[in-house]
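Please look over the structure below. This report describes its helices, its surface and its salt bridges.

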Amino acid sequence: MVSYLVLSLPSQRFLGLPAFYRTTMLSRLLKEHQAKQNERKELQERRRREAIAAATCLTEALVDHLNVGVAQAYVNQRKLDHEVKTLQVQASQFSKQTAQWISMVEGFNQALKEIGDVENWARSIEMDMRTIATALEYVHKGQLQSACS
């Protein structure tokens, strides 16, 4: 590093000076160089910290933005799950109620058939009774005519 400084100094000014001044000048230049280097390092470190802070803020903002969407999706999923469970319960209840209605309709249908059977039976009995009444009238008229003759 010293050789770099020596080479970077103008040779006319440096060579014409006594050794004491050259050493003092070289020390001063070395100190200035080291001070500038320290300033650059501090500036670089400060910029690095600022860049890290900015990157952290950006990352947090992006994650927060994504988390809002994820949180909303989670809330929507929970609502959907709740609605699905409710729908399943209601579908089960509807199925049971439908089975009851079908059973009631089948019972009503059977009762109608029985009423129809009773009505048919009653007609059949009525026809039989008319036939018997007609036959009895015929027999009775026949007996009356034979008794009169």
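The text moves from the overall fold to the surface and then to the charged pairs.

The model is predicted. The protein has three helices and zero strands, and its pattern along the sequence is α-α-α. Helix 3 covers residues 19-148.

Of the 149 residues in the protein, 3% are buried. About 13,500 Å² of the protein is exposed, and carbon and sulfur atoms supply 62% of this area. A nonpolar surface patch of about 640 Å² is formed by Val118, Trp121, Ile125, Met129, Ile132 and Leu136. Val118, one of these residues, belongs to helix 3.

The structure contains six salt bridges. The table lists some of them.

| Salt bridge | Closest N to O distance | Spacing in helix 3 |
|---|---|---|
| Glu32 and Arg28 | 3.3 Å | four residues |
| Arg48 and Glu45 | 2.4 Å | three residues |
| Glu45 and Arg49 | 3.8 Å | four residues |

Glu32 and Arg28 are about one turn of the helix apart. Glu32 is partly exposed, at 36% relative accessibility, and Arg28 is also partly exposed, at 45%.

Arg48 and Glu45 are separated by about one helical turn because they lie three residues apart in helix 3. Glu45 and Arg49, four residues apart in helix 3, are likewise separated by about one helical turn. Through salt bridges that share partners, Glu45, Arg48 and Arg49 form one network. Each member is partly exposed: Glu45 has a relative accessible area of 29%, Arg48 has 43%, and Arg49 has 47%.

Definitions and conventions
Residues numbered from 1 in each chain as written. Predicted model: local features only at pLDDT ≥ 70, side-chain atom pairs only at ≥ 80, totals over all residues. Heavy atoms only, no water. Patch = residues over 30% accessible without salt bridge, like charges linked within 9 Å, V, L, I, M, F, W, Y side chains within 5 Å. Areas by Shrake-Rupley, 256 points an atom, 1.4 Å probe, with all protein chains shown as cover. Salt bridge = Lys/Arg side-chain N within 4 Å of Asp/Glu carboxyl O. Helix = DSSP H or I, 4+ residues; strand = E, 2+ residues; numbered from the N terminus. Buried < 20%, exposed > 50% of the residue type's maximum accessible area, 1.4 Å probe, protein only.
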